[in-house]
2 protein chains.
Amino acid sequence: MAMNRRSFLGAASAALALTPLAASAKTPKMPAKWDRTVDFLVIGTGFAGLGSALEAHMLGIKNVLVLDKMPFPGGNSVINGGAVAAAGTDMQQKAGIKDSADLLYSDILRAGGGLAHKELARVIADNSLENYYWLRDKIGVKFKAVYLHGGHSVKRSHACQENSGAGFILPMLAKCKEFGIPVETKTYVEELIQNGAGRVVGVKVRKGYRFGKPDSGKVQYIRSKKGVVIAAGGFAQNVTMRMSHDPRLTAEFGSTNHPGATGDLIQQAQFLGANTIQMDWIQLGPWTSPDEQGFGLAPLFVEPLVGYAPMIDPATAKRFVKETGNRKVRADAIVAIGHPVIMFANEKSVMNQVVSKNMTPEQFKHACEANVIRKFSTLRDIAAFYNVDYQALMAENDKFNGFMKAKKDPDYGCMFFDDSLPNEEGKGPFYVVRLWPRVHHCMGGLEINNKAQVLDARHNPIAGLYAAGESTGGVHGAVRLGTVAVADCIIMGRTAARTAAAERQSA
Amino acid sequence: MAMNRRSFLGAASAALALTPLAASAKTPKMPAKWDRTVDFLVIGTGFAGLGSALEAHMLGIKNVLVLDKMPFPGGNSVINGGAVAAAGTDMQQKAGIKDSADLLYSDILRAGGGLAHKELARVIADNSLENYYWLRDKIGVKFKAVYLHGGHSVKRSHACQENSGAGFILPMLAKCKEFGIPVETKTYVEELIQNGAGRVVGVKVRKGYRFGKPDSGKVQYIRSKKGVVIAAGGFAQNVTMRMSHDPRLTAEFGSTNHPGATGDLIQQAQFLGANTIQMDWIQLGPWTSPDEQGFGLAPLFVEPLVGYAPMIDPATAKRFVKETGNRKVRADAIVAIGHPVIMFANEKSVMNQVVSKNMTPEQFKHACEANVIRKFSTLRDIAAFYNVDYQALMAENDKFNGFMKAKKDPDYGCMFFDDSLPNEEGKGPFYVVRLWPRVHHCMGGLEINNKAQVLDARHNPIAGLYAAGESTGGVHGAVRLGTVAVADCIIMGRTAARTAAAERQSA
């Protein structure tokens with residue numbers, strides 16, 4: 001049980017004086033002997049963890065250690081899209097884009113629907129520019145383009161050459177190697193350890209841990225003088241945990257996340273009295289297919305086709321949502337229906353909007369061969385294959401075609417584009433995907449302050465404990481903007497290192 | 001730090017064997033000597049607390065104790081509307097109403113927007129009938145009518161004669177007296193105390209506590225053999241706590257709650273590793289006036305006038321929301337505007353719909369004298385007083401009148417009723433209220449199971465710790481139905497007593 005200052009003083013002055021207290025047997029345990037001692041310990045090898053470790057080294061902290069329970073480093077970050085939000089960069093200036101920290105800040109708050117913590121959004125906004133140059137000049141990330149992501153006021157998503165989070169993670173790992181920072185995988189942090197004053201001073205780990213085998217690995221105790229950073233991601237893969245916050249998210253729902261996103265460290269911190277916030281804002285991706293695993297290829301097909309292709313509930317042969325609506329609107333609508341829906345587009349739309357633009361021809365071919373995307377000559381064939389009433393489907397399709405031509409959708413307010421091409425019977429072939437949402441991002445997590453310190457249930461910092469990235473809540477509020485999470489992870493991870501470096505006291 | 005079974009066994013078998021562990025100085029403290037010992041300890045004197053204490057006594061648990069930090073018992077319950085949801089009662093049968101536990105269950109789930117915990121909703125639905133008879137026959141609550149509350153499929157809200165929660169609380173307190181259950185006010189529970197096995201075995205209290213004076217009162221340690229029930233309400237009055245979950249809810253927002261709704265016991269339980277869920281679903285009442293305190297009289301005026309009177313933003317002279325929308329829709333819209341709005345109705349509507357129906361003539365008179373409701377002869381006077389552009393107001397008012405006559409609102413979809421009466425210039429007088437939402441109900445709180453046991457961060461019960469009512473989350477999900485909270489409090493409070501009575505082990 002973590003005490004706040006008042007109750008600690010109260011215990012010391014009043015209670016202890018009045019009644020001698022016997023220590024409970026069930027307490028945070030300090031090992032009599034530590035197996036290792038480091039200066040700064042980071043849990044997690046994604047953007048947040050590596051950002052924190054590298055910044056700590058650059059600030060002169062010796063003996064930084066990074067741990068990860070999985071066999072390979074990179075967590076969810078390495079399978080991320082590979083772009084970071086930044087405001088006011090040289091790339092923006094060259095492209096004639098006017099941007100500022102204030103504009104980024106107001107975009108984050110607007111998307112957050114009132115739930116974003118202003119002081120955290122401010123940290124991201126104020127540091128995004130410096131963070132971009134740090135990544136480029138100090139880490140060696142190679143940026144190739146700045147583009148517009150939905151919800152941002154201007155083009156400020158800076159894509160790396162690799163079009164993948166690996167374009168950030170690999171140079172970060174290379175820097176760790178260069179700086180002599182050990183990145184130890186297969187190392188599960190089973191307990192956070194507090195000293196008598198409530199400061200987190202180390203961890204109990206299992207070295208040689210095999211993911212999914214709780215008792216695997218050898219127990220070691222690692223002391224950290226300047227604290228511990230939780231940068232271990234979210235809990236999208238922990239069905240019990242996510243169902244406690246949102247009971248809809250049963251095991252029936254897959255996740256786009258890597259399997260290690262199980263929220264253990266959030267729970268560990270809760271056992272020290274840490275506060276969690278906004279845990280039920282769990283973002284579903286509406287663009288995943290039940291015909292493949294993980295993030296998959298379907299999202300690459302679906303996203304450029306919104307506004308060109310109707311989404312249909314096979315049971316009713318009706319549309320049910322604004323196809324150009326945001327992720328939450330679409331995912332909630334599919335979940336409410338309770339079974340997968342279909343989306344279909346004619347070949348010309350697919351070739352114009354998708355192939356060689358958002359999917360490589362190889363990806364498209366692979367998705368077709370794997371039956372994630374299916375090809376049909378006629379709408380009648382689609383109806384037959386997906387068990388949709390053909391007459392009803394034709395009626396709904398005719399209506400949708402009329403809306404496309406008029407560029408106006410009185411039913412759901414879908415937006416159509418100038419080159420929208422109706423799906424007309426006889427003008428096939430058509431391509432179809434089935435859609436069923438997957439758990440994609442946990443908006444909520446540990447409450448932190450603008451120094452990346454983890455806060456307890458009374459909102460006081462837990463000494464020696466920091467957190468950054470998807471393990472935390474409040475930065476984005478209800479809805480995060482694309483590529484701001486990458487900025488969040490790296491900036492807050494680096495902030496944790498700065499706070500630790502600035503702290504006089506060490507354990 | 002509470003350990004789960006696995007980590008406890010791990011510590012006992014593996015870690016302890018390998019490395020001798022020194023107990024930390026910062027631990028839950030057991031007093032060397034308890035000042036008092038009881039069999040069952042209940043914190044809170046509202047529906048949940050008194051329900052739990054009375055049930056415990058009826059199940060044969062001797063020496064039950066009820067504590068409250070406030071000077072008077074009853075918490076928020078005593079200022080509640082005084083009706084409880086129950087399905088299948090004799091009153092319903094007499095009125096020809098068909099109802100069932102299953103129908104109540106599905107109503108709760110529908111209102112909860114997917115966030116209600118099914119196993120908790122099931123407990124409420126399955127016990128509502130027995131609970132109604134228990135209240136009537138064992139406690140002496142006098143029911144007078146069954147009515148329809150918004151969101152329920154049938155009339156199942158059973159109102160007591162007093163039209164107030166006091167109609168439940170006073171007979172419950174009388175029963176406590178009859179049974180010899182002490183109800184001790186001015187007693188603040190400052191710490192929950194766990195024994196070496198992690199079981200909650202007692203509390204540290206301050207006797208003679210004065211609310212708002214943290215160090216007041218004399219420290220005592222009270223042991224409880226069969227556990228502790230947290231029935232201490234929500235956190236609507238704790239600005240820091242509610243802002244951590246919903247940053248919009250600054251000190252600028254008042255609350256309809258009694259001042260003691262400060263969430264202390266939720267926080268105490270978090271320090272034992274308890275999980276909290278859905279904490280950011282904090283319900284605002286959209287019908288409160290900035291011209292009075294607390295719940296006030298304005299809601300009694302506003303609710304029967306939706307569908308008869310427009311709500312206007314004085315800054316734009318425009319409507320901004322569906323007046324017949326639910327609490328959340330309306331409150332969010334006013335908060336987004338950022339300043340109080342006005343609602344006005346002509347005298348005939350007010351006399352037809354409000355006075356002697358939802359407000360007594362005395363209440364109406366008092367609200368007018370206190371300038372909570374203001375009377376104006378003309379719409380021009382309203383515009384002048386509230387600094388609204390008169391021409392713009394007349395244009396918007398004419399449009400609204402047209403909608404009323406057509407019984408259709410293309411702008412916001414407000415519902416109108418057959419006897420709606422337009423507000424026309426020259427056909428005054430008019431009555432006006434200003435509206436600014438107040439924090440009304442915390443949907444979220446401690447995670448419990450269907451035995452009312454408090455769950456830790458890994459969803460395992462914390463031995464000896466129970467919770468019921470507004471201190472808990474998950475029963476209602478995103479939106480609670482009126483009068484179901486009363487059933488929830490009493491049924492879950494009683495459930496906690498049943499679980500404790502059935503437990504073999506005691507401390």
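This is a short walk through some local features of the structure above, which is a predicted model.

Okay, let's start with the cysteines, since somebody always asks. How many disulfides are there over all chains? A search of the whole structure comes back with 0. Just as a reminder, a disulfide is a covalent bond between the sulfur atoms of two cysteines. Take Cys160(A) as an example: the closest cysteine sulfur belongs to Cys489(A), and that is 15 Å away, so the two are too far apart for a bond. The cut-off here is a pair of sulfurs within 2.5 Å. And is Cys160(A) buried or exposed? Buried, because its relative accessibility is 0%. Over in chain B, Cys414(B) also counts as buried, at 4% relative accessibility.

Right, on to the sheets, and I'll stay in chain B for this. There's an open sheet of 6 strands with mixed pairing, and if you read across it the order is S9-S5-S4-S13-S23-S22. Which strands stand at the edges? Those are S9, residues 183–184, and S22, residues 453–455; each has a single partner strand, so one side of each has no neighbour in the sheet. Let's look at the S9 end. Strand S5(B), residues 64–67, runs parallel to S9(B), and 2 bridges join them. If you want a residue to click on, Val66(B) sits opposite Val183(B) of S9(B).

Now please find strand S17(B), residues 341–346. How many of its residues are buried? 6 of 6, so this strand is mostly covered, with buried meaning under 20% relative accessible area. What points where? Val341(B), Met343(B) and Ala345(B) go one way, while Ile342(B), Phe344(B) and Asn346(B) go the other way, and all of them are buried. Yes, that list of buried residues includes an asparagine, Asn346(B).

As for partners, S17(B) pairs with strand S16(B), residues 311–312, in the antiparallel sense over 2 bridges. There, Ile312(B) faces Ile342(B). S17(B) also pairs with strand S19(B), residues 430–435, again antiparallel, and here there are 6 bridges. In that pairing, Phe344(B) is opposite Val432(B). In general, strands of a sheet pair through backbone hydrogen bonds, either parallel or antiparallel.

Last topic: backbone oddities. Where are the cis peptide bonds I'd like you to look at? In chain A, the bond from Gly428(A) to Pro429(A) is cis, with omega near 0°. Pro429(A) lies in the loop between helix H14, residues 390–406, and strand S19, residues 430–435. Chain B has a cis bond as well, from Gly428(B) to Pro429(B), with omega near 0°. Pro429(B) is in the loop between helix H14 and S19 of chain B, and that S19 is the strand we just saw pairing with S17(B).

Then two positive phi angles. His459(A) isn't a glycine, yet its phi is near 70°. You'll find His459(A) in the loop between strand S22, residues 453–455, and strand S23, residues 461–467, of chain A. His459(A) counts as buried, because its relative accessibility is 15%.

The other one is Lys186(B), also not a glycine, with a positive phi of about 50°. Lys186(B) is in the loop between S9 and strand S10, residues 187–194, of chain B, and S9 is one of the edge strands from earlier. With a relative accessible area of 40%, Lys186(B) is partly exposed.

Okay, that's my tour. Over to you.

Notes. Residues are numbered from 1 along each chain as its sequence is written. Chains are lettered from A and ligands numbered from 1 in the order in which they are written. This is a predicted model: local features need pLDDT of at least 70, side-chain atom pairs count only at pLDDT 80 or more; totals for chains, interfaces and linings use all residues. Side-chain values use heavy atoms; hydrogens and water are left out. Buried means under 20% relative accessible area, exposed over 50%, partly exposed in between (1.4 Å probe, protein chains only). Two strands pair if DSSP finds at least two bridges between them. Helices (H or I, at least four residues) and strands (E, at least two) are DSSP runs, numbered from the N terminus.
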